[in-house]
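I sat down with a chain I had not looked at before and kept notes as I went. Here they are, in the order I looked things up.

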Amino acid sequence: MKVFISVDMEGVAGIVSWEQCLAGGDDYALGRELLLGEVNAAIAGAQAAGATEICVNDAHSQMRNLPPAALAGRASYLSGKFKPRYMMEGLDSSYDAVVFLGYHAAIATPGVLSHTYNPRAITNVRLGGEVAGESGLNALVAQHYGVPVAAVTGDQYVGGEAARFCPGIEVIAVKESISRYAAHHLHPEVARERIRDGVARALSTVDSLVPPAVALPATLDVDLASPDMAEQATWVRGVERTGERGVRLCDDEPLRLYQSFITLVYLTRSLVEA
Ligand SMILES: [Zn+2]
């Protein structure tokens, strides 16, 4: 069994601040330690269910938050910036399952450190009319390759958001967001046990899971922070202006829709104020 783990950081138990999850932050060392513990718990769960090959795609910020030699299970490590398929880089149809680890709520949700790819440019995304976070957007790539998303970890919001797009997903909540910068966390040891057990349970029935099945053609409605970002977004082929700050992307190919969205994310960065 081949398992692909897409690793974010804001949804890890113990994390409530950018200082804990951005390089140079005064508490980044603690954040990395907490992250590694949860990644290794997911790897242990995958191995318990029979995984023989595990790829860890580091998908947070600079995308090099993990010490490769400390990864359990001799997992391979995909790291570094400017990956064309970003949080899903490396996935292909040879994988049996995807795990979303340390994921956070969409920008329109009051979860800890909520955002949707770029908190300073994107104020909401709806996929097929439903609010989508990174889990829903990333599900488009899993859909393209026909790989089920078996489990997601994070706060009490992220599971429900993922479940709209990932049928049968195992939801593993490791903390309860109180506001965008506060949460009540499980003890890291308890969080890791739940992740290990939840991932093992989800992968033990992987044959009965189906890949995401967003209705096609699919529509992405994206609200941006300023009208000039919306104007710039229309430079991407197929992007249509729907309002002062709103644009719409529509495609019958899920991977192409995802890539158009990522292009829009990269492009609008130039207009984000420092
Ligand atoms: Zn992140």
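My entries start with the whole chain and then go to the sheet, the salt bridges and a few odd backbone spots.

**Ground rules**

I am working from a predicted model, in which local features need pLDDT of at least 70 and side-chain atom pairs count only at pLDDT 80 or more, while totals for chains, interfaces and linings use all residues. Residues are numbered from 1 along each chain as its sequence is written, and side-chain values use heavy atoms, with hydrogens and water left out.

**Whole chain**

I looked up the secondary structure and found six helices and 13 strands. For me, helices (H or I, at least four residues) and strands (E, at least two) are DSSP runs, numbered from the N terminus.

Then I checked the radius of gyration, which is taken over C-alpha atoms, against the globule rule, 2.2 Å times the number of residues to the power 0.38. The chain comes out at 17 Å, close to the 19 Å that the rule gives for 274 residues, so it is as compact as a globular protein of that length. Its C-alpha trace spans about 50 × 40 × 30 Å along the principal axes.

How much of the chain is buried? I get 54% of the 274 residues, where buried means under 20% relative accessible area, exposed means over 50%, and partly exposed is in between (1.4 Å probe, protein chains only). The chain exposes about 11000 Å², and carbon and sulfur atoms supply 49% of that. These areas come from the Shrake-Rupley method with a 1.4 Å probe; for residues, only the protein chains shown count as cover.

I also looked at contacts (heavy atoms within 4.5 Å). Among those between residues at least 6 apart in sequence, 68% join residues at least 24 apart.

**The five-stranded sheet**

I traced an open sheet of five strands, in the order β6-β5-β11-β13-β12, with antiparallel pairing. Two strands pair here if DSSP finds at least two bridges between them. β6 (130-131) and β12 (240-241) stand at the edges with a single partner strand each, so one side of each has no neighbour in the sheet.

Further in, β5 (residues 122-127) runs antiparallel to β11 (residues 218-224), and five bridges join them. Arg-126 stands opposite Asp-221 in β11. Helix α6 (residues 254-268) packs on this sheet and touches β5, β11 and β13 (246-251); its direction makes about 150 degrees with that of β13. That angle uses lines fitted to C-alpha atoms, for helices over the stretch in contact, and runs from 0 to 180 degrees between N-to-C directions.

**Salt bridges**

Side chains of opposite charge can pair when their charged atoms come close. My cut-off is a side-chain nitrogen of Lys or Arg within 4 Å of a carboxyl oxygen of Asp or Glu. I count eight salt bridges in the structure.

Asp-221 turns up again here, since its side chain meets that of Arg-248 at 2.7 Å, N to O. Asp-221 lies in β11 and Arg-248 in β13, so the pair ties together parts that are 27 residues apart in sequence. Asp-221 is buried at 9% relative accessible area, and Arg-248 is partly exposed at 33%.

Next I looked at Arg-201 and Glu-170, which also meet at 2.7 Å, N to O. Arg-201 is in helix α4 (residues 188-204) and Glu-170 in strand β8 (residues 170-173), so this salt bridge ties parts that are 31 residues apart in sequence. Arg-201 is partly exposed at 47%, while Glu-170 counts as buried at 19%.

Glu-231 and Arg-241 meet at 3.4 Å, N to O. This one links helix α5 (residues 227-233) to the edge strand β12, so it joins parts 10 residues apart in sequence. Both count as partly exposed, Glu-231 at 40% and Arg-241 at 34%.

I also noted a network of salt bridges linking Asp-251, Asp-252 and Arg-256.

**Odd backbone spots**

Where is the cis peptide bond? I found it between Leu-216 and Pro-217, with omega about -5 degrees. Pro-217 lies in the loop between α4 and β11.

Two non-glycine residues with positive phi went into my notes. Phe-82 has phi near 60 degrees; it sits in the loop between β3 (76-78) and β4 (97-101). Leu-113 has phi of about 55 degrees and lies in the loop between β4 and β5.

Are these two buried or exposed? Phe-82 is exposed at 58%, whereas Leu-113 is buried at 0%.
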